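Got the structure open? Let's go through some of the labels people put on it and ask what earns each one.

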Amino acid sequence: MNIKERRSILVTCGPGLRGYLQAELEELGFEIVGSHPGSVLIRGSFIDCMKLNYCLRTAYCVLYLLREFRCGSTGALYKQIGNVPWENIIDPKSYVCVLSKVDTWTVNNTMYPNLKVKDAIVDRINRKTGSRPDSGPDRNSIVVNLFWKNDRAWIYLNTSGVKLSDRNYRKMPHKAPLRESLAAGMIMATGYDGSQDLVLPMCGSGTLAIEAALMAMNKPAGGLRSNYCFKHVKVFDDGLWREIRNNVNKTIRKGRPPKRIIATDIDEQAIDAARQNAKTAGVEHLIEFDVCDFVKTDIPEGNGIIVMNPEYGLRLGELEPLEKEYKRIGDFLKQKCASYTAYILTGNKELSVKIGLKASRRMVFYNGNIECRLLKYELYKGKKPAKKPEQ
Ligand SMILES: C[S@@+](CC[C@H](N)C(=O)[O-])C[C@H]1O[C@@H](n2cnc3c(N)ncnc32)[C@H](O)[C@@H]1O
């Protein structure tokens, strides 16, 4: 495999994050070739894939296209996959995991094409080298993705494996933590760039604060992760990987961001976890932690940003106390946060009404499989300023 060869790269992401992923890819200089609900298509080399794995905040996996073909049967699938020179990509001593997404009239059992792909790969390597790699569900070594739609199939080398949202800093999850890629997308949605004060009451295990601090310093999201699937491919070059990281690391901002990041929670254990996670991520010194009820959070003068992720209770009996909590959030924003822009993530519309403020934007995000809204509130001192008449 020629690591400089430009091919299609499919970058996958969680639902609701595609727009943010697209913005990240454009910022890194890639032209968007296409997009689907959970993925964005660009073109680039295997070397580009390594850099993308290191940098992207909102992505799940970076997939490098090996072959695209017409496919009308599982027999054709086995034959086409067997034509890929796997012996140049995969060491016979390594381990292979196959992931399949199949939507074709040809088969009604998605496990069968998965098995056919795995067989075609290991049979080819066995034919060419005399030994066959192990296979199974573990995503820590070689991962291959099959997409088969109607009569077309695509086989990708998954250069990430375990989702990139597993950054490796959250050693202490606490309760209901946000996935790191979702937290990054939410921070992007606020327009935060380190030049504003950022206040995060109800911070839980600190995911929003840590992602914001990483962004403020322009630190790559993959800084803590040591394993990626591209490292298990035969052509992997450790020197080149070090060079890619060194080049990206040159753009890390040194020192502290000009403004404050404040993270608070009423639960001492949550703050312990958040502090420990921030320490692991190397950003503890950038965040001011405090244990307090959210209304007691220190709000710096000026026009900063507040982001909150209160609980939104899914079971009966949980809603009544939460209604009071959401009303308290509204009062807090009105009384203590004038001239700030506030963002509340909630998965419950009835509760959001209790905030008693009019949202100027409602952005859709998914927390796991729960559809949520990130509600934006522009807060003013006294009366809302009248819009300037147009010239
Ligand atoms: C849904 S969790 C936040 C999870 C967080 N975004 C994360 O990624 O870990 C809600 C948090 O609000 C905190 N909380 C609940 N009531 C509070 C209050 N009155 N004041 C401050 N924090 C509160 C809880 O302790 C919990 O950590």
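Q: Why does N168 count as partly exposed?
A: This is a predicted model, and in it N168 has a relative accessible area of 36%. Buried means under 20% and exposed means over 50%, so N168, at 36%, counts as partly exposed. You'll find N168 in the loop between β8 and α5 (180–190).

Q: What makes the phi of N168 worth pointing out?
A: Most residues other than glycine have a negative phi. N168 is not a glycine, and yet its phi is positive, about 90 degrees. N218 is another such case: it isn't a glycine either, and its phi is about 55 degrees. N218 sits in the loop between α6 and α7.

Q: How do you know whether N218 is buried, exposed or partly exposed?
A: Use the cut-offs again: the relative accessible area of N218 is 30%. That value falls between 20% and 50%, so N218 is partly exposed.

Q: Why is helix α2 described as largely enclosed by the rest of the structure?
A: Helix α2 covers residues 46–55, and seven of those 10 residues are buried, so the label follows. The buried ones are F46, C49, M50, L52, N53, Y54 and C55. What covers them includes the strands β1 (7–13), β3 (39–44), β4 (59–70) and β8 (152–158), along with the helices α1 (18–27) and α7 (238–249).

Q: What makes S45 a cap for α2?
A: A side-chain oxygen of S45 lies 3.3 Å from the backbone nitrogen of I47. A polar contact needs N or O atoms within 3.5 Å, so 3.3 Å makes the cut. The end of α2 that S45 caps is the N-terminal one.

Q: Why are α2 and α7 called oblique to each other?
A: They pack at an angle of about 50 degrees. Under 35 degrees would count as roughly parallel, and 65 to 115 as roughly perpendicular. An angle of about 50 degrees fits neither range, so the two helices are oblique. Their axes are 10 Å apart, and α2 passes α7 in a right-handed crossing. On the α2 side, the contact is made by I47, M50, K51, Y54 and C55. On the α7 side, it's L240, W241, I244, R245, V248 and N249.

Q: How do you know that D238 and R242 form a salt bridge?
A: Their closest N and O atoms are 3.7 Å apart. The cut-off is 4 Å, so the pair qualifies. Both residues lie in helix α7, four residues apart, about one turn of the helix. As for accessibility, D238 comes in at 39% and R242 at 44%. Each value is between 20% and 50%, so both are partly exposed.

Q: What makes E325 and R328 a salt bridge?
A: Here the closest N and O atoms are 3.4 Å apart, and the limit is 4 Å. So the label fits. Both residues are in helix α9 (residues 319–336), three residues apart. E325, at 25% relative accessibility, counts as partly exposed, and so does R328, at 29%. Elsewhere, salt bridges that share partners join R260, E288 and D298 into one network.

Q: What makes R132 and D123 a salt bridge?
A: Their side chains meet at 3.0 Å, N to O. That is within 4 Å, so it counts. R132 is partly exposed, with a relative accessible area of 43%. By this rule the count comes to 17 salt bridges.

Q: Why is E87 called buried, while V235 is called partly exposed?
A: E87 has 12% relative accessibility, which is under 20%, so E87 is buried. V235 has 24%, which is between the two cut-offs, so V235 is partly exposed. E87 is in the loop between α3 (74–82) and β5 (95–103), whereas V235 is in the loop between α6 (207–216) and α7.

Q: How do you know that the side chains of E87 and R124 make a polar contact?
A: The contact is 2.8 Å, and the limit is 3.5 Å, so it passes. Leaving aside neighbours within four places in sequence, E87 is in contact with R124, I125, K128, T129 and K234. On that same basis, V235 is in contact with M1, I3, F46 and N88.

Note on methods:
Residues numbered from 1 in each chain as written. Predicted model: local features only at pLDDT ≥ 70, side-chain atom pairs only at ≥ 80, totals over all residues. Heavy atoms only, no water. Buried < 20%, exposed > 50% of the residue type's maximum accessible area, 1.4 Å probe, protein only. Contact = heavy atoms within 4.5 Å. Polar contact = N/O pair within 3.5 Å; in protein donor to acceptor, adjacent residues only side chain to side chain. Axes fitted to C-alpha atoms, helices over the stretch in contact; angles between N-to-C directions. Left-handed = near helix turned anticlockwise from the far one by under 90°.
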